[in-house]
Amino acid sequence: MTTDRQDTWDRARAYQGVFMQQGAVVTDADYMQQSDLLLDLYGEDIRARAFTTHDPVRGELMLRPDFTVPIVQHHMASGADPARYTYLGKVFRKQDVVETRETEFVQVGFEIFDGSDPAAADAEVFATFASILKDVPVTASTGDIGILRAAVQGLNTTPARRAALMRHLWRPRRFKALLDRYCGLIAAPASRRALLDAADPMAEMPPLLGLRTRAEIAGRIDALRTDAAADPISQIERDLLDALLKVRETAPHALTALRDIAVDLPSISTAVDGLAARLDALAARDVDVDALPFETSYGRTSMEYYDGFVFGFDADPGLNLPAVATGGRYDALTAVLGGGTGVPAVGGVIRPALVADVEGAQ
Amino acid sequence: MTLKLGVPSKGRLMEKTFDWFAARGVTLRKSGTDREYAGAVDGIDGIELVLLSAGEIPRELNAGRIHLGVTGSDLVREKLSSWDQRVVDVAKMGFGGADLIIAVPQAWIDVDTLDDLDAAAAAFRAHHGFRLRIATKYHRLVREFLRDNGVADYQLIDSQGATEGTIRNETAEAIADITSTGETLRANGLKILSDGMIHASQATLFRGRREQWTPDMRATFKALQSKLGA
């Protein structure tokens, strides 16, 4: 919509100034990022979202689709702890579906790597973005992927089932299909029953081709047998999980609802305590917590690397704009990029051109 | 202005397209020598024949450089994002049928469905340290299909030909390819996933968007539609 580039960069620098006042160090990232790491993290979908190009020596490269991965890499290599960063620049995304959306946009980010008080760090990031947007007509949303993660990890079922559900936390359709099967609501397909009924399914195996080994195939059949012998996940646990996913209230009411669920689902207690601590920390930063929306499922389909607190600021849906600012906690990502040792991290980004669009639409 | 009709420039697809139009009273033919890519249309006025590669027809339709085009429905879906907002399916022509499917080695007795593929991909990645590779040239269609079906931990490897051989060569673990009878797949020790049908393709007459069409072109299209019964 807005094409006033000078205005966009001016705003970006002003926002960065706010992050610098919070003690963030200005940092930067290369425009072109190695594809293999991004592909490994995000999967094939990143190829639909990021522009790829090719270098004869370096192989496939991507125009940075965000700053988070290079900033985390930079941080993990630097060894500084704690640390806080801000960055400013363009990111690039293919717009395959809504072609009127921009393919490049200026983004300003703020990231805190500090494990000393996660609730305080969450609150600081949120409150900083909220302060930038205080006079802009946007609505905040918040959620916490950590609560759903805790619930799944606490399910009374096999480790393999918990792992499969964790893996598909971000794909609600697949998640539900798996859960339905583990609850015994849908039967296994006929081909699987036939495989498991066979006395020695490996006996008549056709000649093997490719990298996947005989041992891997045998291992999966064993896993299927273990799964078939496991008790279904109880309807009680299923109902609790459904109730959990439906929580969508103002923060204090959501907290009450989650505390009620935690009575029967004690595995989420620590995560719910974390939410309570975060709300206190937000209130201490003058965020109007009583009016703050909270939704357990928020960010579940769009924010794959977040694993705790998540937030966004959106314009009126009638304007049909992407989120003006988004962010969250991504402790697990730092562990992946740090070769196993992670650092608790939380951050967010804001897109100045969208802020201008929202203000212009008033 | 004339209405440009793009038709595959060689092979069975071209011959069958010519036959299909001829059966409906529209004669398409190559003019000049057999090697020349120029064509002529008899039986209806105002249409110009353009011979080009079937793979380029979606792009040319989208750009408005041709107004009608015959190509595989798989190619339109693969090459155009939101294809149904860019071109309109005028007539399914009933030939050139082929299914875009996902196939895995027959020896994978534990894999019959997408659910199995997903679970095998997760275990494969944990075991080998990289995502399970699926060789294909239909990147968009395969990616969208697997995303809709919640399959994760895979990567696409580009394969523009002899895709069935990639597994034996250990450059991929599974393939997504076009097949009409499944014979090449079986000969290469592969089997189709029972719910792995991505798209049943056939030769289709498409038209592009009409914003730039003159009244003459619209009239010609109407006349053609009535001849084709489309």
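User: In which helix of chain B is the place of B:L114?

Analyst: This is a predicted model. The helix in question covers residues 114-128 of chain B. B:L114 has its place there, in helix 4.

User: Is B:L114 buried or exposed?

Analyst: The cut-off for a buried residue is 20 or more other C-beta atoms within 10 Å. B:L114 has 20 other C-beta atoms within 10 Å, so it counts as buried.

User: Which residues does B:L114 touch, leaving out those up to four places away in sequence?

Analyst: One partner is B:V151, 37 residues from B:L114 along the chain. The C-alpha atoms of these two are separated by 7.0 Å. With sequence neighbours up to four places away left out, the partners of B:L114 are B:N149, B:V151, B:L193, B:D195 and B:G196.

User: What percentage of contacts in chain B between residues at least 6 apart join residues at least 24 apart?

Analyst: Chain B has seven helices and twelve strands. Its C-alpha trace spans about 65 × 35 × 25 Å along the principal axes. Buried residues are 43% of its 230 residues. Of contacts between residues at least 6 apart in sequence, the share joining residues at least 24 apart is 67%.

User: How far apart do the C-alpha centres of domain 1 and domain 2 of chain B lie?

Analyst: Domain 1 of chain B takes in 3-97 + 202-228, and domain 2 takes in 98-201. Their C-alpha centres lie apart by 32 Å.

User: Which helix gives the largest share of the side of domain 1 of chain B that touches domain 2 of chain B?

Analyst: Eight residues of domain 1 of chain B are in contact with nine residues of domain 2. By class, the domain 1 side has no nonpolar, five polar and three charged residues. The largest share of that side is four residues, and it comes from residues 73-79 of chain B, helix 3.

User: What feature does UniProt place at residues 54-212 of chain B?

Analyst: The span is 28% helix and 33% strand, and its end C-alpha atoms lie 23 Å apart. The UniProt record, an unreviewed entry, gives these residues the feature "domain: ATP phosphoribosyltransferase catalytic".

User: Which helix of chain A gives the most residues to the largest nonpolar core?

Analyst: This core has 87 residues. A:I147, A:A151, A:L258, A:I268, A:V324 and A:I350 have the most contacts inside it. Seven of the core's residues come from residues 118-132 of chain A, which form helix 5.

User: From which domains of chain A does this core draw at least three residues each?

Analyst: Chain A is divided into domain 1 (1-136 + 347-362) and domain 2 (158-204 + 213-233). The C-alpha centres of the two lie 39 Å apart. The largest nonpolar core draws at least three residues from each of domain 1 and domain 2.

User: How many residues does the other core, which includes B:L100, have?

Analyst: This core lies apart from the largest one. Its members include B:L100, B:W108, B:L114 and B:L190. The count for this core is 37 residues.

User: Which helix of chain A gives the largest share of the side that touches chain B?

Analyst: Chain A has 29 residues in contact with 30 residues of chain B. On the chain A side, two or more residues come from each of helix 3 (45-49), helix 8 (172-182), helix 9 (190-197) and helix 10 (214-229). By class, this side divides into 15 nonpolar, four polar and ten charged residues. The largest share, five residues, comes from helix 10.

How values were computed. Residues are numbered from 1 along each chain as its sequence is written. Chains are lettered from A and ligands numbered from 1 in the order in which they are written. This is a predicted model: local features need pLDDT of at least 70, side-chain atom pairs count only at pLDDT 80 or more; totals for chains, interfaces and linings use all residues. A nonpolar core is a set of buried Ala, Val, Leu, Ile, Met, Phe, Trp, Tyr and Cys residues joined through C-beta atoms within 7 Å. A residue is buried if 20 or more other C-beta atoms lie within 10 Å of its own, exposed if 12 or fewer, and partly exposed in between; C-beta atoms are placed from the backbone. Domain bounds come from an automatic or database domain assignment. Two residues are in contact if their C-beta atoms, placed from the backbone, lie within 7 Å. Ala, Val, Leu, Ile, Met, Phe, Trp, Tyr, Cys and Pro count as nonpolar, Asp, Glu, Lys and Arg as charged, and the others, Gly among them, as polar. UniProt positions are given in the numbering used here, feature names are shortened, and annotations may be inferred rather than shown by experiment.
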